[in-house]
Amino acid sequence: MPPRTPRCVVAVNPLKKPWEQDKPLHNRWHPDIPPVAEVVEGELFRVEMVDWTGGQIQDNDSAEDVKHVDLSRVHYLCGPVRVTDSDGIPAKPGDLLEVEICNLGPLPGDEWGFTGIFDRDNGGGFLTDHFPCAAKAIWYFEGIYAYSRHLPGIRFPGLIHPGLIGTAPSKELLDIWNKREAALVEGGTQASTLTEVLHTRPLANLPLAKGALLGMIQTGTLDWDRIAVEAARTIPGRENGGNCDIKNLS
């Protein structure tokens with residue numbers, strides 16, 4: 001028998017903004033963001049996605065877009081996807097979900113990516129003192145290989161991975177996150193020894209309505225106003241997964 005063809009449950013158009021997609025994306029964690037698709041345990045399905053900045057970074061030779069990237073509106077997530085058992089009962093907080101990532105690859109016509117260095121005054125990094133200015137390199141995918149006009153002569157096999165993947169938190173878990181991270185922010189440089197060393201890298205990003213995209217929740221509604229000030233940012237990674245950024249996911 002031929003292999004099963006995965007059912008596409010979330011499709012995107014890379015030429016459109018995240019909020020213009022047929023199934024609007026989201027960039028916050030909150031239990032009240034409604035699912036946009038449903039799958040049954042054991043089902044093979046496909047999810048398409050945009051790049052993590054939602055198209056803010058362009059295929060050109062200027063790093064101005066990296067320098068001025070709006071970090072309040074990044075890490076766009078496709079979903080949520082409700083998972084049910086064979087009887088149609090959805091997974092609930094506390095259940096264990098096993099998800100196998102079978103394949104990853106670029107969308108046709110969008111076979112490129114980028115690496116970059118954040119500007120010291122907008123994001124920074126662990127090596128900010130050595131590399132204070134924004135920079136970027138554009139990479140093109142050729143099969144399993146990647147190459148860049150900005151780094152001539154370099155071509156390497158890359159392992160594409162989902163930088164950010166996770167489950168929606170329960171309200172109880174969300175409250176734990178917000179309380180824990182508020183304490184880090186209020187503690188300043190005394191909150192952790194690490195903060196004293198990496199003074200440009202905050203250990204927490206508290207809920208922020210600016211830049212929030214909440215999927216099917218309509219802006220201007222009471223629900224949007226409530227969720228936007230409660231929803232967790234996508235940095236850092238937490239108990240639900242989140243911003244993992246490790247190749248071992250795939």
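Here are some short exercises, with worked solutions, on a predicted model.

**Exercise 1. Find how many disulfides the whole structure holds, and look at why C8 and C102 form none.**

Step 1: Recall that a disulfide needs two cysteine sulfur atoms within 2.5 Å.
Step 2: Start with C8. The closest cysteine sulfur belongs to C78 and lies 9.5 Å away, so the two are too far apart for a bond.
Step 3: Move on to C102. Here the closest cysteine sulfur is that of C8, at 15 Å, which is again too far for a bond.
Step 4: A search of the whole structure gives the total: zero disulfides.
Step 5: While you are there, check the surroundings. C8 is partly exposed, at 37% relative accessibility, whereas C102 is exposed, at 54%.

**Exercise 2. Locate K247 and name its contacts beyond the neighbours within four places in sequence.**

Step 1: Go to the segment after β10 (241-243), where K247 sits.
Step 2: K247 has a relative accessible area of 53%, so this residue counts as exposed.
Step 3: Setting aside those sequence neighbours, K247 touches L159 and H161.
Step 4: Now compare positions: G163 is 84 residues from K247 along the chain, yet their C-alpha atoms are 8.2 Å apart.

**Exercise 3. Examine the backbone of the loop between α1 (64-67) and β4 (81-84) at P80 and H75.**

Step 1: P80 lies in this loop, and the peptide bond joining G79 to P80 is cis, with omega about -5°.
Step 2: H75 is in the loop between α1 and β4 too. Its phi is near 60°, a positive value in a residue other than glycine.
Step 3: Is H75 buried or exposed? With a relative accessible area of 9%, H75 is buried.

Technical notes
Residues are numbered from 1 along each chain as its sequence is written. This is a predicted model: local features need pLDDT of at least 70, side-chain atom pairs count only at pLDDT 80 or more; totals for chains, interfaces and linings use all residues. Side-chain values use heavy atoms; hydrogens and water are left out. Buried means under 20% relative accessible area, exposed over 50%, partly exposed in between (1.4 Å probe, protein chains only). Helices (H or I, at least four residues) and strands (E, at least two) are DSSP runs, numbered from the N terminus. Contact means heavy atoms within 4.5 Å.
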